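Trainee: Could you take one part of this model and go through it closely, building outward from it to whatever surrounds it? I would like one connected account, with each term explained as it comes up.

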Amino acid sequence: AIVQPADAYHAHDLPALLPAYIAARIKRARLVYDAHELWTERGSAGSDTEYWRRLEQWFIRRVDGVITVNQSRARIMHEEYGAAQLPTVVRNCPPSGGLSAKKTTRLRSLVARSGAPDPKIALYQGSISPGRGYDELVTAAQYMNEGIAVVILGYGSPETYLDHLKQRVTDLGLTERVFFHPPVQNDEMMEYTRSADVGLVFYDDNSRNNRYCAPNKLYEYMMAGLPSVASDLPGIQEIVQTEDVGTTVDSTHPRA
């Protein structure tokens, strides 16, 4: 970064803040801290959380501007982390690229074995990892109306967790109700999203980072014309209820 002339440096999340600060000081340029998460409150930051917390609190007072994804996180960064001013909100909306909300059939062959003539597809796309309501979703599938197929699309992190979910589907006798699709390239993702009927967005309320999250997938569902069923967490409710694009539930209770 130092060899590239610049008027401003953009630190993409906390790990980039220190090198961006050094480059900005050497080049006498401005520095913007773009915080997509409450990095030290993710619940998985590891044993070096205190280091990251101290680093963020020192630097956030010395940057020229802070960007974050919603008003809730902006207030925390200003009132608690020490940002000089209320950060600017730039939402996690990916570019649409003129995307059409027209339906596709990408997922239809996968759910054909459900036996329903025209199954409704409830899609959960993204990282398949603990803390995102997958266990509860699998359990919930047994209470859903006939003709609804659940598709979980993404990569397992760790893979053992994905294996655990697949085994749970088998144990509950839901192999014709819950389907797994391997991850696809980002530039192909929306073709699969537009094949679904409902988008699912679930997170456990196990950290403030989750409580005030504003996931990319929620905006992607909106662009694809899908209503969402989502966790009743403040960050998600702010979008779903304000924009009237779905409903929120207590995702810790499968019957909900």
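Mentor: Let us start with strand β5 (residues 120-125), which is joined to β8 by two bridges and runs parallel to it. Within that pair, Leu-123 is the residue that stands opposite Gly-199 of β8. Before going further, please keep in mind that this is a predicted model, in which local features need pLDDT of at least 70 and side-chain atom pairs count only at pLDDT 80 or more, while totals for chains, interfaces and linings use all residues. Residues are numbered from 1 along each chain as its sequence is written, and side-chain values use heavy atoms, with hydrogens and water left out. The element names come from DSSP runs numbered from the N terminus, a helix being H or I over at least four residues and a strand being E over at least two; two strands pair if DSSP finds at least two bridges between them.

On the other side of the same residue, Gly-199 stands opposite Ser-228 in β9, and β8 and β9 pair in the parallel sense over three bridges. These strands belong to an open sheet of six, whose order is β7-β6-β5-β8-β9-β10 and whose pairing is parallel. The edges are held by β7 (178-181) and β10 (246-249), each of which has a single partner strand, so one side of each is left without a neighbour in the sheet. From one strand to the next the twist averages 25°. At the β7 edge, strand β6 (residues 148-153) pairs with β7 in the parallel sense over four bridges, and there Leu-153 stands opposite His-181.

The loop between β6 and α5 (159-171) contains Pro-158, and the peptide bond that joins Ser-157 to Pro-158 is cis, with omega about 5°. As background, most residues other than glycine have a negative phi, and most peptide bonds are trans.

Now to what covers the sheet. Helix α9 (residues 234-243) lies across β8 (198-201), β9 (228-231) and β10, and runs at about 150° to β10; here axes are lines fitted to C-alpha atoms, for helices over the stretch in contact, and angles run from 0 to 180 degrees between N-to-C directions. The neighbouring topic is helix α8 (residues 216-223), whose axis comes within 10 Å of that of α9 and crosses it at roughly 15°. The two helices α8 and α9 are therefore roughly parallel to each other, where angles under 35 degrees count as roughly parallel, over 145 as roughly antiparallel, 65 to 115 as roughly perpendicular and the rest as oblique. Their crossing is right-handed, a term used if the near helix is turned clockwise from the far one by less than a right angle, whereas an anticlockwise turn makes the crossing left-handed. From α8, Leu-218, Tyr-219 and Met-222 meet Ile-236, Ile-239, Val-240 and Glu-243 of α9. Six of the residues in this contact of α8 with α9 are nonpolar, none is polar and one is charged. In this grouping Ala, Val, Leu, Ile, Met, Phe, Trp, Tyr, Cys and Pro count as nonpolar, Asp, Glu, Lys and Arg as charged, and the others, Gly among them, as polar; contact itself means heavy atoms within 4.5 Å.

Between α9 and β10 comes the loop that holds Asp-244. Phi of Asp-244 is near 55°, a positive value in a residue other than glycine, and Asp-244 is exposed, with a relative accessible area of 66% (buried means under 20% relative accessible area, exposed over 50% and partly exposed in between, with a 1.4 Å probe and protein chains only).

Helix α9 also leads to a second sheet, by way of helix α3 (residues 71-81). Ser-72, Arg-73, Ala-74, Ile-76, Met-77 and Tyr-81 of α3 are buried, and the buried residues of α3 pack against β2, α2 (49-59), β3, β4, α7 (208-211) and α9. The second sheet is open, with four strands in the order β1-β2-β3-β4 and parallel pairing. Its edge strands are β1 (8-12) and β4 (88-89), each with a single partner strand, so one side of each is left without a neighbour in the sheet. Helix α3 packs on this sheet, where it touches β2 (30-35), β3 and β4, and its direction makes about 145° with that of β3.
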